[in-house]
Every structure is written in structure tokens, then in C-alpha cells.
Amino acid sequence: MVSEQEIRKAAELIKQGGLVAFPTETVYGLGADALNPPAVARIFEAKERPSFDPLIVHIASTESLDLLTAEHDERVIRLAEKFWPGPLTIVLPKSKIVPDIVTSGLNSVGIRMPDNEIALDLIRFSGCPIAAPSANKFGRISPTKASHVRKQLHDIDCILDGGPTRVGIESTVIELHSDGFVILRQGIITMQQLQEIIPHSFTATINKEIISAPGNLESHYSPVKPLYIWGEHLKDMDTKNAAFLSFGTIPVQKYKTIEYLSRKADLYEAAANLFEKLHLLEDSDVEFIVAEAVPETGIGIAIMDRLRKAAHQYLP
Ligand code: TXA
Ligand code: MG
């Protein structure tokens, strides 16, 4: 695990404008001082990320909301009490102090407080909010282990290895509006849980006509090998050199490799395993991957969102 001394060293690097990969409860992030534009520019460079895709700013205390946001919103406090630290990002009107490079020129900023002690200490010791996207190359599979970061990113100053992440998929991203909220990215925190805190929502999922979520591309999280989602249309495919990624509900045979998202159809386990298994299979000697779909209820919605984006090129 990571010692306090290592975290303090990493915090010094952040203060000097460096890039530090660190664990959160969702996936590993690639962090820089959110208030230092040249440092934030290095994130985009290291990830080969297009500049239209805004970054999430990570905080360790709700007091930072006053610094980063333009208005006080009572609903944010209620959401923070319930879900922070945790996998919820709230998009809010930004204050002038937040550089345009962080928000891709938008007037809003995405903020979250990660539920991971290493991440929280890094933010505290750095003394600044930390802008951090997932620590993968743009469009590739998100990292849930330090080794996944090492595989993809080379030009960074430090990786804090906190072991595998607990949740396994990225935070739920919501945007607040005067009459409710919109989910911009599905995650472990579901619409139903959010509605218990904020009763109104004017759309259940992203409606492209109402809202455009930058970075919400149809193709994302892709392994370097072809990935298919299992369906009848694949039944005559030759799979002897392929891998099957199972959710444990349909019988499989004639595959070179079988990996399990879950052996007992557990959605939380599947979320935690999804990116890890995709990394494992893209590095293995199979020619392509066939993944079993999971039921689209609760967090299954977020899992299928990631799976469809990863398989986008190969959807029927
Ligand atoms: O769990 C997570 O959220 C991880 C960990 C590291 O915190 N971070 C993460 O960041 O997944 P990233 O950059 O891979 O995805 C953030 C997404 C962006 O693609 C964008 O769609 C949305 O959050 N986002 C950020 N700021 C926004 C804003 N101001 N308006 C709309 N969407 C925003
Ligand atoms: Mg990402």
C-alpha cells in the first residue's frame, strides 16, 4: 500500500505542476492542480484527449465548493451529505477561478469528492483541488489497477498504487437545473437513489436534443481487440480463438478462454470486474472477445452503457 510519505511526495509534484495517477473508489485518475492551466494542459497531452472534453475537479471538503462554484445551491449540500465522499459528480455553474482549460470553455464545472483515503490525502496535502480524468489514453479502457495506468501512460510523474479500485466504473455525472437534474453519465448511483434526494428529473437518461454532454461519445472504453455483445446473430461465429466474458446466466462452450464478470449474476461484482477483465483479455492471445449482456436494471444500466460504447464498432 501507499505510505503517507509517498502521498506527500506526490502532493509536492502536484504543487509543482506535475501529473500524478492516483486511485479513487471508481477508477484511477490522472491528476494535476486544477488551478494551474499548464499542468492541466499536460493531462490532455498525456491522454491524447481532445480539448472539448471537460475534466472533473476533485475536492476533499465541501468548503471548496465556495471557491469553485458561482452560486450556493441547497440541493448540492443535500446530495453531498448523502453521496460524498462517493461516486457522484455534480456539474455546477463555475466560479471565475476555474480555468477554461478544465471545463473546455463551458460555464460549468464537474465536481466530486472521491471515497478513497489516498485520493483525499493527496488533495489535502496538495492544498488545491485536483483535476483528474480517468488515467487511460482517450477512448481506451479505463484503469482499475496501477498496472493498467502503466500500460497506457508513460509521460507522467508518479503513480500511487492503492490496489484494485472498489467500484470499477466511473462516477455518475449529473447536472442540476432549476426544475430538476439530468444524468449525463450513468454510474453506480442510480436515478432512483438521486430522486430520493431531488424529487424532480426532467429526463431519465441523456436526451441528445435536450442536452449535449461533451465527452459522451458513442465509442469509448474500447479494447484493442474486437468486442461483441452476445446475441443470436453471433451463433454461427467461429469462436475457438475467442474469449467469452460471462455473467453466469447462459451456458458457454467452444471458446478458447472464459472469464467471468460475475459467476452469480451479481451486478456490483460485474461493475468492479468489467474494465479489469477487458484489460486482461485485450492483453491475452485471443482474437476477439464476446461479452454477455447484463440486465438493464439499477447499475446494470451503467454497465451496459460502458459495454455498448466499448463494443460500438461491432454492434449489430
Ligand atoms: O469516477 C470518475 O468520475 C473518474 C475518477 C478519476 O474520478 N473520472 C472520470 O473522468 O471518469 P473522465 O474525464 O474520464 O470523465 C469525465 C466526464 C467527461 O467526459 C464529461 O462528459 C463529464 O465528465 N463532464 C465533466 N465536466 C463536465 C461539465 N462541466 N459539463 C458536462 N459534463 C462534464
Ligand atoms: Mg474516462
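Two strands count as paired if DSSP finds at least two bridges between them. Keep that in mind as you look at histidine 58, whose bridge partner in strand E5 is arginine 112. One thing to know before going on: this is a predicted model.

Let's stay with that spot for a moment. Histidine 58 belongs to strand E3, which covers residues 56-58, and E3 runs parallel to E5 (residues 108-112), with 3 bridges between them. Another of those links joins valine 57 to isoleucine 111 in E5. Now turn to E4, made of residues 88-93. E4 and E5 also pair, over 4 bridges, but here the sense is antiparallel. If you want a place to look, find leucine 92, which stands opposite valine 109 in E5.

So is E5 enclosed or open to the outside? A residue is called buried when its relative accessible area is under 20%. By that rule 5 of the 5 residues of E5 are buried, so the strand is largely enclosed by the rest of the structure. You can check this on both sides: Ser108, Gly110 and Arg112 point one way, Val109 and Ile111 point the other way, and all of them are buried.

Now zoom out a little. E3, E4 and E5 are part of an open sheet of 9 strands, and the order across it is E7-E1-E2-E6-E3-E5-E4-E8-E9. The pairing in this sheet is mixed. At the edges sit E7 (158-159) and E9 (180-185), each of which pairs on one side only.

Next, have a look at arginine 75. You'll find arginine 75 in helix H4, which spans residues 74-83. Does its charge-bearing side chain belong to a buried or an exposed residue? Arginine 75 has a relative accessible area of 18%, and since the cut-off for buried is under 20%, arginine 75 counts as buried. Leaving aside residues up to four places away in sequence, arginine 75 touches Leu176, His177, Ser178, Gly180 and Ile198.

Further along the chain there's another strand worth a visit, E11 (residues 242-246). Here too, 5 of the 5 residues are buried, so E11 is largely enclosed by the rest of the structure. Both faces are covered: Ala242, Phe244 and Ser246 lie on one side, Ala243 and Leu245 on the other, and all are buried. Which strands does E11 pair with? One is E13 (residues 288-291), in the parallel sense and over 4 bridges. Another is E12 (residues 257-260), again parallel and again over 4 bridges. For landmarks, phenylalanine 244 has valine 290 in E13 as its bridge partner, while alanine 243 has threonine 257 in E12.

E13 also turns up in the surroundings of helix H10, which runs through residues 300-310. H10 is mostly covered, with 9 of its 11 residues buried. Among the buried ones are Ile303, Met304 and Leu307, along with charged residues such as Asp305, Arg306 and Lys309. What covers the buried residues of H10 includes E9, E10 (227-229), helix H9 (267-282) and E13.

For a contrast, try aspartate 285, in the loop between H9 and E13. At 58% relative accessibility, aspartate 285 counts as exposed, because the cut-off for that is over 50%. Aspartate 285 does have company: not counting residues up to four places away in sequence, it touches Lys225 and Lys256. Lysine 256 is 29 residues away along the chain, yet its C-alpha atom and that of aspartate 285 are separated by 9.4 Å.

Finally, step back and take in the whole chain. There are 10 helices and 13 strands in total. A compact globule of 316 residues would have a radius of gyration near 20 Å, and the chain's 19 Å agrees with that. The C-alpha atoms fill a box of roughly 60 × 45 × 30 Å along the principal axes. Of the 316 residues, 57% are buried. Among contacts between residues at least 6 apart in sequence, 66% join residues at least 24 apart. As for the outside, the chain exposes about 13,900 Å², with carbon and sulfur atoms supplying 50% of it. The chain carries 32 positive and 41 negative side chains, and the centres of these two sets lie 3 Å apart.

Key. Residues are numbered from 1 along each chain as its sequence is written. Chains are lettered from A and ligands numbered from 1 in the order in which they are written. This is a predicted model: local features need pLDDT of at least 70, side-chain atom pairs count only at pLDDT 80 or more; totals for chains, interfaces and linings use all residues. Side-chain values use heavy atoms; hydrogens and water are left out. Helices (H or I, at least four residues) and strands (E, at least two) are DSSP runs, numbered from the N terminus. The radius of gyration is taken over C-alpha atoms; the globule rule is 2.2 Å times the number of residues to the power 0.38. Buried means under 20% relative accessible area, exposed over 50%, partly exposed in between (1.4 Å probe, protein chains only). Contact means heavy atoms within 4.5 Å. Accessible areas come from the Shrake-Rupley method with a 1.4 Å probe; for residues, only the protein chains shown count as cover. Lys and Arg count as positive and Asp and Glu as negative; His and the chain ends are not counted. The place of a charge is taken as NZ of Lys, CZ of Arg, CG of Asp or CD of Glu.
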